Amino acid sequence: MNSEEEKAFLIGQRKQPREGKISAKKDVKLAMKEKETKAKEARKEERKNRQKKFKETYYENNNDCSQDLNFDSLSEASSGDEELTRSCRARKNVLTPALTITCDALGLSVRDASAIIASTACALGQDPADLNVCRSSLHRRRRSNRQEVVKKLRAEFVPDPVLTLHWDGKIVPDLTGKEAVDRIAVVITGLTTEKLLEVPKIKQGTGKATAEAVFEVLKAWELGTQISAFSFDTTSVNTGMFNGAAVLLEELLLHPVLFLACRHHIMELILEAVYTALLNPSGGPDIIFFKRFQQKWQCIDPTKFANGLSEQETIRALGCEIDEIIQFATDQIKTHQPRDDYYELLSLAIIFLGGVPPKGIIFMAPGAFNKARWMN
């Protein structure tokens, strides 16, 4: 028994007539609900106090425009507010396409953009009440401005007659919310053309979904007939014989296309074979040896190193070609490199052979260490 009350209740139940009763326990769920309600009311009251304090502080620090700036007018009026009529609403739109691009580039929300525009107008001597800066209006204006910018870009774009189509998928955080989504970057290149068209979202990372998404982008830009080659990585989603994105996209374009597998991923296969021969196969997507090297990088002194010429085997294998390799890598560094890891690979090759790169001996911290980043 847990309490004397329960013992007395059971003893009383044996008597004739039965005696005693046990008190009802408090409803735990009801108590938790009441606690949550009180906490919600407290947060609501605290939020009101913060807003009130912010308004008072703003008016004290901005005496020049405190009489003109009305915070209540900056927020969207509710649908049931009968006092606000259409005739008294601000009609002057200040969100231009250029300003929309700036807000998008900085990642400003509609609320942040509204506050910045109102404060800037006040600082410039304008009356924010005359400007249409409510959040819903700015949201609609930003959407329409984006559409105008896209239409203008498509109308002014003059591509080469022969183009190569590139695409690659990546799972990235969604623009709204915290979910991760699969997006496809669609790029075209030509003799004088290099342009990122769109980065559409796809529901599934299959070859069919990829092909359809890329085809819709080409259709919107009216570039289907000018595509002569595909450039893509060598994953099964792209290279499948029947359901690969490349094969399905070629069928949608209704004309033969040259397939160009990405050289970056082709070299991965060669490097993977070398790694497997020297250090045995890896049992997972991450290379444990590289992972440990990355974790211990802070404990390594990059100024204390030995180049490859300290090993006689390197000298015997390369011999008189060492100077030629160093000169070749140096010349390539001076030219344009499309990727930073290409530049880093050339610099490491020069250092390994006892040379000094144009920017000096610099060792970068290890980057990604999984099998998809052999070139790093």
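The following dialogue asks why certain residues and contacts of this predicted model carry the labels they do.

Visitor: What makes a feature of this model count?

Guide: The model is predicted, so local features need pLDDT of at least 70 and side-chain atom pairs count only at pLDDT 80 or more, while totals for chains, interfaces and linings use all residues. Residues are numbered from 1 along each chain as its sequence is written, and side-chain values use heavy atoms, with hydrogens and water left out.

Visitor: Why is Cys103 called buried or exposed, and by what value?

Guide: Buried means under 20% relative accessible area, exposed means over 50%, and partly exposed lies in between, with a 1.4 Å probe and protein chains only. Cys103 has 5% relative accessibility and therefore counts as buried. Cys320, at 68%, is exposed.

Visitor: How many disulfides are there, and by what rule?

Guide: A disulfide is a pair of cysteine sulfur atoms within 2.5 Å. By this rule the count is zero.

Visitor: What makes the contact of Glu46 and Arg50 a salt bridge?

Guide: A salt bridge requires a side-chain nitrogen of Lys or Arg within 4 Å of a carboxyl oxygen of Asp or Glu. The side chains of Glu46 and Arg50 meet at 3.5 Å, N to O, so the pair satisfies the limit of 4 Å. The two residues are four apart in helix H2 (residues 28–61), and therefore about one helical turn separates them. Glu46 is partly exposed, at 46% relative accessible area. In total, four salt bridges are counted.

Visitor: How are helices and strands such as these defined?

Guide: They are DSSP runs numbered from the N terminus: helices are H or I with at least four residues, and strands are E with at least two.

Visitor: What does the salt bridge of Asp104 and Arg142 tie together?

Guide: The side chains of Asp104 and Arg142 form a salt bridge of 2.6 Å, N to O. Asp104 lies in helix H4 (residues 97–106) and Arg142 in helix H6 (residues 135–156), so the pair ties together parts that are 38 residues apart in sequence. Asp104 is partly exposed at 33%, whereas Arg142 is buried at 5%.

Visitor: Which residues does the network around Asp104 join?

Guide: Asp104 also meets Arg146 in a salt bridge of 2.9 Å, N to O. Because Arg146 likewise lies in helix H6, this pair ties together parts that are 42 residues apart in sequence. Salt bridges that share partners join Asp104, Arg142 and Arg146 into one network. Arg146 is partly exposed, with a relative accessible area of 35%.

Visitor: Why is the pair of Trp167 and Phe230 called edge-to-face?

Guide: Rings of Phe, Tyr and Trp (its six-membered ring) pair if their centres lie within 6.5 Å; planes under 30 degrees apart count as stacked, over 60 as edge-to-face and the rest as tilted. The structure holds seven aromatic pairs. In the pair of Trp167 and Phe230, the centres are 5.4 Å apart and the planes stand at 75°, so the pair is edge-to-face. Trp167 lies in strand S1 (residues 163–173) and Phe230 in strand S5 (residues 227–232), so parts 63 residues apart in sequence are tied together. Both Trp167 and Phe230 are buried.

Visitor: How do you know which label suits Phe232 and Phe259?

Guide: Their aromatic pair has 5.8 Å centre to centre and 80° between the planes, and is edge-to-face. Phe232 lies in strand S5 and Phe259 in strand S6 (residues 258–261), so the pair ties together parts 27 residues apart in sequence. Phe232 is buried at 5%, whereas Phe259 is partly exposed at 34%. Trp167, Phe230, Phe232 and Phe259 form one aromatic cluster.

Visitor: What makes Lys195 a charge over the ring of Phe157?

Guide: The rule asks for NZ of Lys or CZ of Arg within 6 Å of the ring centre and within 35 degrees of the ring normal. The charged end of Lys195 sits over the ring of Phe157, 5.5 Å from its centre.

Visitor: What is notable about phi at Glu222 and Leu254?

Guide: Glu222 has a positive phi of about 55° although it is not a glycine, and Leu254 has a positive phi of about 65°, also without being a glycine. Glu222 is in the loop between helix H7 (207–221) and S5, and Leu254 is in the loop between helix H9 (245–253) and S6. Glu222 is exposed at 66%, and Leu254 is exposed at 76%.
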